[in-house]
Amino acid sequence: MNGDLPACGVRICGTGSYVPERRMTNEDFAKILDTSDEWIVQRTGIHERRICDPARESTFDMARTALERALECAEMKGSDLDLIIVGTVTPEMTCPSVAARVGAAVGAVPAAAFDVSAACCGFVYGINIAQGLIRAGMFRTIGVIGAENMSSIVDYTDRSVSILFGDAAGACILKRDPDPRIGCLYQRLGADGTGWHSLYLPRKQRDVPACDVDNPIRLGNIRMNGKEVFRFAVTKFREVLEEAMHHTNLTAESVGQVICHQSNLRIIEAARERLGLPREKVFINIDKYGNTSAGSVGLCLDELWRAGKIERERPFVMVAFGGGLTWASSVWRV
Ligand code: COA
C-alpha cells in the first residue's frame, strides 16, 4: 500500500462469460479418434466441450462479449474502465494485445490494456495483478478477462491432449472501494519454469526439447506430458489451496465457494477430499466445458455470481495451475 494513500478495498462489481454454441461431445471424438465416452469420462470427468466456429468466433470475440456482459452486470460502460487485462495463450496476434482490441470494441479508449501469458492461471494472475494495482492507487476500475480459443491450438488427430480442452471466456469488473475490508484477503502467484516442457506449444522444431522429439503432435499445437502434469497438479493444487486457507484462517466450514481451475475432475476431487471440503463448496462445470485454460476460473465465477452463490462476508477462493508451470490463488471477501 502506498504510504500517502488512504487504505481502500476492491469490489467485484459484476461478472460475465461467453461459451461458443458449438458442442463437441465425447461421442464426436469417438467418431474421429480411437477413444470412447467411457474412457474420457472416467479419466477426466468431461462429457462435452464448446468449440469456436472459426468463421465468426475467436479469443477476441469471446473476450469482448464476456466483458460486455460483465459491464452490463455491473451497470457500467466501457468508458468507466481505466485498465483491461486479458489472460490468454491464444491471442489472434501477439501484437496488438487482445486487451487493446477489446478496449477499443467496448469504448474503453484510452484505458490501458495488456495481455497476461500464464496459461490456465491467466485469469487468476490477472485478478491478482489488478487488485494490487487498485490498492496501490494506480487504477480505479479494471476489467479482467480470461479468454481461450484452445480449439485453435489443439491437434485433433491426437487423442491424448485434444479431448481435454474447450473454448470459453470469463470476465469480472473490479473497482476501488472505500471499505478496506472488501476485496482480496490473500493472493499467491508462482511459477517453476524448469517444468516448462510438460505443457508447451512449440512453433518451430528448434523449440522442441530433446526429450520430446518423437512427439507426433504437429508443431503449432499444444503438447503435454499428461502423467507429469497430473503429478504436479495433484500436489500443487492441494498445497496452494491449503496455504491460502491457512493464511486467511479459513476452514472447510467457514470458507465459501472454492473455485478450482477445471483441469480434470480427478485432480479437483483429490484436493477436495484432502482438505475435507464438502462437495457443494467446490464448483464443477468441467463436465460441460472441459478445460478452457484461462477461460475456466472466470467462467465458474460468473456462473456462481449469477446464481447468487458468492456470499457476502463468507470468503471464497480461486485457485489455478497451468503451463509454465504456473500456479495462483486468490481469496476474496465481497
Ligand atoms: N482415449 C483412449 N485411450 C487413451 C486416450 C484417449 N483419449 N488418451 C490416452 N489413451 C491411452 C494411452 O495411449 C495409454 O494406453 P497404453 O496403456 O496402451 O499405452 C492409456 O490410455 C493410459 O494413458 P495415460 O496417459 O497413462 O492416461 P492417464 O491415466 O494418465 O490419463 C490424462 C491421461 C491426460 C487424462 C491425465 O494424465 C491427466 O489428466 N493429466 C493432467 C492433464 C491436465 O490437467 N492438463 C491441463 C493442465 S492445466
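**Reading the ligand site and the pockets**

User: Which element gives the most to the shell around the ligand?

Analyst: Helix H7 does, with four residues. Helices (H or I, at least four residues) and strands (E, at least two) are DSSP runs numbered from the N terminus. This is a predicted model, where local features need pLDDT of at least 70 and side-chain atom pairs pLDDT 80 or more, while totals for chains, interfaces and linings use all residues. Residues are numbered from 1 along each chain as its sequence is written, and side-chain values use heavy atoms, without hydrogens and water.

User: How many residues surround the ligand, and which are the closest?

Analyst: The shell holds 23 residues (each with a heavy atom within 4 Å). Thr 35, Arg 43, Arg 159, Lys 227 and Asn 264 are the closest. Look along the chain and you will find at least two shell residues in each of H2 (37-44), H6 (159-162), H7 (226-247), H8 (265-275) and strand E12 (316-322). By class, the shell has nine nonpolar, nine polar and five charged residues; Asp, Glu, Lys and Arg count as charged, and Gly is among the polar ones.

User: Which polar atoms of the protein lie close enough to the ligand to count as contacts?

Analyst: The test is a pair of N or O atoms within 3.5 Å. Arg 159 places a polar side-chain atom 2.9 Å from an oxygen atom of the ligand. Gly 226 uses its backbone instead, with a polar atom 3.0 Å from a ligand nitrogen. Trp 39 has an N or O atom in its side chain, 3.4 Å from a nitrogen atom of the ligand. As for cover, the ligand taken alone exposes 960 Å², and the protein buries 74% of that (Shrake-Rupley, 1.4 Å probe).

User: Where does the ligand sit among the pockets?

Analyst: The ligand takes the space of the largest pocket (more than half of its atoms lie within 2 Å of the grid points). A pocket is an open set of points on a 1 Å grid where a 1.4 Å probe fits, with protein on both sides within 12 Å along at least five of seven lines; lining residues have an atom within 4 Å of a point. The largest pocket has a volume of about 530 Å³ (the space filled by probe spheres on the points). Its lining counts 25 residues, and Met 224, Gly 226, Lys 227, Phe 230 and Asn 264 are the closest to the centre. H2, H6, H7, H8 and E12 each give two or more residues to this lining, and H7 has the largest share, with five. The lining divides into 12 nonpolar, nine polar and four charged residues.

User: What lines the second largest pocket?

Analyst: This pocket holds about 390 Å³. Val 89, Ser 117, Ala 118, Ala 119 and Leu 201 are the closest to its centre among 24 lining residues. Strands E5 (112-116) and E9 (199-200) give two or more residues to the lining. Its residues divide into 15 nonpolar, seven polar and two charged.

User: Where is the backbone of Ala 119 placed, and what is its phi?

Analyst: Ala 119 lies in the loop between E5 and helix H5 (122-135). Its phi is near 50°, a positive value in a residue other than glycine.

User: Which peptide bonds are cis?

Analyst: One joins Val 109 and Pro 110, with omega of about 10°; Pro 110 lies in the loop between helix H4 (98-105) and E5. Another runs from Gly 324 to Leu 325, with omega near -5°. Leu 325 is found in the loop between E12 and strand E13 (326-333).

Conventions. Polar contact = N/O pair within 3.5 Å; in protein donor to acceptor, adjacent residues only side chain to side chain.
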